There are 4 protein chains.
Amino acid sequence: MRFFKRFAQGELRLTRIEAFSDAVFAIVVTLLVLELKVPSLHDHGSVSELGHQLLDLLPKFLSWLISFIIVCKFWLNHHHVLGLARHANYSLVWLNAIFLMFQSFVPFPTALLGEYPTNPLAVCMFGAVMAFNTLLFIAMHAYILRHLIKPELASSQDPHVIRKSFIGVVSYLIGASAAWFSVHAAFLFYMLTPLFFIVPPQPRRVD
Amino acid sequence: MRFFKRFAQGELRLTRIEAFSDAVFAIVVTLLVLELKVPSLHDHGSVSELGHQLLDLLPKFLSWLISFIIVCKFWLNHHHVLGLARHANYSLVWLNAIFLMFQSFVPFPTALLGEYPTNPLAVCMFGAVMAFNTLLFIAMHAYILRHLIKPELASSQDPHVIRKSFIGVVSYLIGASAAWFSVHAAFLFYMLTPLFFIVPPQPRRVD
Amino acid sequence: MRFFKRFAQGELRLTRIEAFSDAVFAIVVTLLVLELKVPSLHDHGSVSELGHQLLDLLPKFLSWLISFIIVCKFWLNHHHVLGLARHANYSLVWLNAIFLMFQSFVPFPTALLGEYPTNPLAVCMFGAVMAFNTLLFIAMHAYILRHLIKPELASSQDPHVIRKSFIGVVSYLIGASAAWFSVHAAFLFYMLTPLFFIVPPQPRRVD
Amino acid sequence: MRFFKRFAQGELRLTRIEAFSDAVFAIVVTLLVLELKVPSLHDHGSVSELGHQLLDLLPKFLSWLISFIIVCKFWLNHHHVLGLARHANYSLVWLNAIFLMFQSFVPFPTALLGEYPTNPLAVCMFGAVMAFNTLLFIAMHAYILRHLIKPELASSQDPHVIRKSFIGVVSYLIGASAAWFSVHAAFLFYMLTPLFFIVPPQPRRVD
């Protein structure tokens, strides 16, 4: 029990946690492009061969684009949610670390989706990972609202915000399930889901 | 309509947006060098074989150099333009995210240019991507000038700055078109274009 | 002698050292995921083939997870320990640089562990590297406690903290030795060791 | 002429230039480890095979270590030299950008040195690149001393510091020349040269 109590202690500055998180987010979105490999051509000067090869890369372009938007949305909401906290304790540091761990995992399911866009398992896994990431984010959000909220912001929080956040989880899971019937439907869900909370709740809040 | 109105809300600190952007710029310029792969030699100790292989890498060195300069120029102008804003709102965050998305895309056309410097499509694509990046940057600049400019700086802005910025777009597109006639001409345009706005407009402004 | 004396000089701001360190930590944890390569399938649409290939990646997932937690723990303790110093001198800068050098080395033994989880040498090396990293961290901690501690924090430090830190070194070395008898025992030690000091000592300290 | 005059204009905050530079330095040192590739074994469980393969990696470990120390030394001196400037102008921004360009190039000659440690051209090139990097750094240092030095620090600067800095250039070039007679001698020079200015000049200066 003492082990768990220690996590509630500590008053860390948020700036260094933000700096670490920002760097992780930035590296993740930039690594995504590494999956776009230069195609190897038999005839180096052939326009038509290169054109066909680039067209074959379309699923990779699309999965890169979707993941980029999703990670940026997480970054924006992360920015918003950390702004609600008066400081960090060790629980928040570790909730954040586990959240960043699975953010840094995103390039893998993205590459899988881009490489095998017709394989239901690959398409399903993408949605499952994003649902899990959203869950981890909700855990952080809920922890801050319950334990670390700045007193002056407490009253202005939407009491249903956590429940509403589950819309994203459910939507990703619907996409992941749809993958087994139609990968196109799954892609559509993955593109539409980030539109929820593309702007954080309570934009009235002045940062 | 309510969906779009929410983007105009929010007052975010610029520092964390700058930190995120700086990290993306830094990773992009550093990833560029990963395309310079160590050549594989039959005779590990052969000076002449290594010499020839390094000479074959010249187009890659050149495309690395051009892209590095271009991205640094974007960084410098990004620094200048964000300095004009009094704060960020969600529109600016997303304009910035989309701009960074295509900055992080730069290693791909750079690698293509370095690998197939004689392929018109590869050479053309490089210019098209840079033109598009410049357009995205102009969108951010124009948005800040119209909606978020610091009151004290409003009067000192060149009213034609946005129109002048299109010189860069046009110049990249001329290079991209030239690629179909002469790849050397295209390379020349790509090297000269960054000289426009290599120093941001209005250097009188004190940061 | 004059050569060594110069290291004790200098009063550097800690912020830029923290920024550099944070970036290194962030890149290290994010690079870890690059070892998770997309498997190549004969039948692109085959769910069972992809499923089996993903299961084969389990040791890589596990070594990624362990290393991520370990590096995050180093980050957190680094944050804590630098917070004890009133400023940095050149000795601390170089102790920090050598510590970061071996942090940035972590992706190599992690990849080795993930690729050859049944090879005693690969499993042993992981523990040996982590023990060495912990030693480098202890050196930094001890140097700060002896030479750079903030006067107001000096009295509140646990006088046995350095001796206690060796528990981590010993535990990693037991894991490294166990690898030669049972790789499963070694994995277990590698997973349990980060639980020591998962929260820095003296959480009473206000940052 | 007007083109060049514009570079002397602008008063930019140093913080964002430092943040960009720190990120580039951090990525460069962390990318260096990517050259250490996991060896492929015929017998996955064989200790002796893995042992031999790791021994074959020794030149790569050594070149990684040398480059890491060199880049950290550049980082430390960069930190020192930017601390002398009262602000940045566009000339400094571009001198810094070109310096960072060739810092980000370091992984390439490092990989070459690690892959072909007995090839005189590979060994020579490493020293030549480091000499060039040192020259670029001297250019930045000299520019700051001449145009941007903080008034209160001007009198305390060693008037011969620029001339002394050329020791590093000469030493790297001697190593690069030695490579054609003895690669071991070259390695020795590359290891010893960073010891010059391993602590920035004038450690009396309080940051």
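## How chain D meets its neighbours

Just 3% of the interface residues of chain D are also interface residues in chain B, so the copies meet through different surfaces. Keep in mind that this is a predicted model. With that said, let's walk around chain D and see who it touches.

Start with the geometry. Two copies of a chain are related by a rotation about an axis and a shift along it. Turn chain D by 90 degrees, with 0.0 Å of shift along the axis, and it lands on chain B with an RMSD of 0.0 Å. That is the relation of a four-fold axis. Within chain D, the C-alpha nearest this axis belongs to A23(D), 4.4 Å away from it.

Chain C tells a matching story. A turn of 90 degrees and a shift of 0.0 Å along the axis lay chain D on chain C, and the RMSD is 0.0 Å. Here too, A23(D) has the C-alpha of chain D nearest the axis, at 4.4 Å. The copies use different surfaces in this pairing as well, since 2% of the contact residues of chain D recur in chain C.

What about chain A? Chain A and chain D do not touch, and their nearest C-alpha atoms are 9 Å apart. Likewise, chain B and chain C do not touch, with 9 Å between their nearest C-alpha atoms.

Here are the two contacts of chain D side by side.

| Pair | Residues in contact | Buried area | Salt bridges |
|---|---|---|---|
| chain D and chain B | 38 residues of chain D, 45 residues of chain B | about 3,800 Å² | two salt bridges |
| chain D and chain C | 44 residues of chain D, 38 residues of chain C | about 3,800 Å² | two salt bridges |

**The side facing chain B.** Of the area buried between chain D and chain B, carbon and sulfur atoms give 75%. Which three residues of chain D supply more than any other three of the area it buries against chain B? They are R16(D), F20(D) and W94(D), with 21% of that area. R16(D) has another role here: its side chain meets that of D22(B) in a salt bridge (2.8 Å, N to O). Four helices of chain D each supply at least two residues to this side, namely α2 (14-31), α5 (90-103), α6 (107-115) and α7 (120-148). The largest share, nine residues, comes from α2(D). By class, this side of chain D has 29 nonpolar, four polar and five charged residues. Between chain D and chain B there are also six residue pairs in polar contact.

**The side facing chain C.** Carbon and sulfur atoms give 75% of the area buried between chain D and chain C. One salt bridge joins the side chains of R16(C) and D22(D) (2.8 Å, N to O). Six residue pairs are in polar contact between chain D and chain C. Which elements of chain D give two or more residues to the side that touches chain C? Those are α2, α3 (47-56) and α4 (58-82) of chain D. The largest share of this side comes from α4(D), with 12 residues. The residues of chain D that touch chain C divide into 30 nonpolar, nine polar and five charged.

Notes: Residues numbered from 1 in each chain as written. Chains lettered and ligands numbered in written order. Predicted model: local features only at pLDDT ≥ 70, side-chain atom pairs only at ≥ 80, totals over all residues. Heavy atoms only, no water. Least-squares fit on C-alpha atoms with pLDDT ≥ 70 in both. Contact = heavy atoms within 4.5 Å. Buried area = accessible area lost by both parts, 1.4 Å probe. Salt bridge = Lys/Arg side-chain N within 4 Å of Asp/Glu carboxyl O. Polar contact = N/O pair within 3.5 Å; in protein donor to acceptor, adjacent residues only side chain to side chain. Nonpolar A, V, L, I, M, F, W, Y, C, P; charged D, E, K, R; others polar.
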